[in-house]
Amino acid sequence: MDNGRVAGRRVAGAGAGGGAGASVPGGGGEPGGGGAPDGGGDLAAVPGLPELDRRVSGCRACPRLVAWREEVARVKRAAFRDQDYWGRPVPGFGGGDARLAVVGLAPAAHGGNRTGRMFTGDASGEVLYAAMHAVGLANQPEAVSRDDGLRLLGARITAPVKCAPPDNKPTPAERDTCRPWLERELTLLRPTLRAVVVLGGFGWQSLLPALTAHWTVPSPRPRFAHGARVELPASDGGPPLVLHGCYHVSRRNTQTGLLTVAMVEEVLSRAKADAGLGAEPGAGSPG
């Protein structure tokens, strides 16, 4: 996991909570205030995911995250010295008619922050995409760059925080500032979305408040656990949504044996069935 340092030095403002209370430039308020993120404008007027993704990639709402992602992109890891880093927020990946969503934490500093696509070019993605391919949710098991030919089948991958954070730990204020992006993404997916696989406790706790526009989240809120399955009734007259918990596909979890590819495949298979995507590999619409 990326440890919050670049070439032996910590980026300015990367301490815990640094920049969390700063004003959102052009965003109309403080981080966590519930307004549109920087560059988002009126998100309710965004007609589709391509436009939403375009706006996401221009957001500069959180000073600490902006400083970190851009420092990482300048300094680079030695193995990727000859590559141009994305160095911006990373939008979701997959089709606008997805029936299944996978929700992570945030892009990795030298993964999505480098390649510009969720879970692409890092160890976590190796596990996730191999499992998605095995159960028929992706056309190939590898994810190395945005132009590698990877397509998701009936699925979309996103995260509650769109920028790579130091130490892989966004602050609560950064998470809340980013929430309107996720809320609009879920609204645009609402006509088809039937199931969500959430990777890790941070993603689980971040997702639940974003669901309340369309589904009823019980009180007390359901707790995260690997293998958890929670059906949320609709609050808007539409179909319910089924949440599935899965340990995050981080290097730490897979190297310690807490999580295996087979475990990820099992959760994805259950979620795929709940999403109505069928049992055969390749079912679903391409994303």
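Is Arg270 buried, partly exposed or exposed? In this predicted model, Arg270 is partly exposed, with a relative accessible area of 38%. Its salt-bridge partner is Glu266, with N and O 2.9 Å apart, and Glu266 is likewise partly exposed, at a relative accessible area of 44%. Both residues belong to helix H8 (residues 261-274), where a spacing of 4 residues separates them by about one helical turn. The general geometry helps here: an α-helix has 3.6 residues a turn, so residues three or four places apart point the same way.

Helix H1 (residues 49-56) offers a further look at this kind of pairing. There, Glu51 forms a salt bridge with Arg54, the closest N and O atoms being 2.7 Å apart. These two residues of H1 are 3 residues apart, about one turn of the helix. Glu51 also meets the side chain of Arg55 in a salt bridge of 2.9 Å, N to O; Arg55 and Glu51 are 4 residues apart in H1, again about one helical turn. With a relative accessibility of 22%, Glu51 counts as partly exposed because the cut-off for buried is under 20%. Arg54, at 53%, counts as exposed because the cut-off for that class is over 50%. Across the whole structure, the search finds 15 salt bridges. Some join into a network, in which Asp53, Arg156, Lys162 and Glu185 are linked.

Turning to helix H4 (residues 123-134), its 12 residues reach 17 Å from the first C-alpha to the last, close to the 16 Å expected at 1.5 Å a residue. At the start of this helix, a side-chain oxygen of Asp122 comes to within 3.3 Å of the backbone nitrogen of Ser124. After the helix comes Gly136, with a positive phi near 85 degrees. The buried residues of H4 are Ser124, Gly125, Val127, Leu128, Tyr129, Ala131 and Met132. Their cover includes four strands, S3 (93-94), S4 (100-103), S5 (155-158) and S6 (195-199), together with helices H7 (251-255) and H8.

What, then, forms the largest nonpolar core? This core has 37 residues, and those touching the most other members are Leu52, Leu193, Val196, Leu207, Leu211 and Leu243. At least two residues each are supplied by H1, S4, helix H5 (172-189), S6, helix H6 (201-210), strand S7 (229-232) and strand S8 (241-246). H5 gives the largest share of this core, 6 residues. Apart from this core lies another, of 33 residues, among them Ala138, Val197, Leu259 and Leu277. Returning to Leu193, its contacts beyond four places away in sequence are Ala98, Arg99, Leu100, Ala101, Leu186, Trp215 and Leu241.

Aromatic rings complete the picture. The count of aromatic pairs comes to 2. In one of them, the rings of Trp204 and Phe224 have their centres 5.8 Å apart and their planes at 70 degrees, so the pair is edge-to-face. This pair links distant parts of the chain, since Trp204 lies in helix H6 and Phe224 in the loop between H6 and S7, 20 residues apart. Trp204 is buried, with a relative accessible area of 0%, whereas Phe224, at 22% relative accessibility, counts as partly exposed. Together with Tyr247, Trp204 and Phe224 form one aromatic cluster.

Technical notes
Residues are numbered from 1 along each chain as its sequence is written. This is a predicted model: local features need pLDDT of at least 70, side-chain atom pairs count only at pLDDT 80 or more; totals for chains, interfaces and linings use all residues. Side-chain values use heavy atoms; hydrogens and water are left out. A salt bridge is a side-chain nitrogen of Lys or Arg within 4 Å of a carboxyl oxygen of Asp or Glu. Buried means under 20% relative accessible area, exposed over 50%, partly exposed in between (1.4 Å probe, protein chains only). The expected span of a helix is 1.5 Å times one less than its number of residues. Contact means heavy atoms within 4.5 Å. A polar contact is a pair of N or O atoms within 3.5 Å; within protein, one must be able to donate a hydrogen and the other to accept it, and residues adjacent in sequence count only if both atoms are side-chain atoms. A nonpolar core is a set of buried Ala, Val, Leu, Ile, Met, Phe, Trp, Tyr and Cys residues joined through side-chain atoms within 4.5 Å. Rings of Phe, Tyr and Trp (its six-membered ring) pair if their centres lie within 6.5 Å; planes under 30 degrees apart count as stacked, over 60 as edge-to-face and the rest as tilted.
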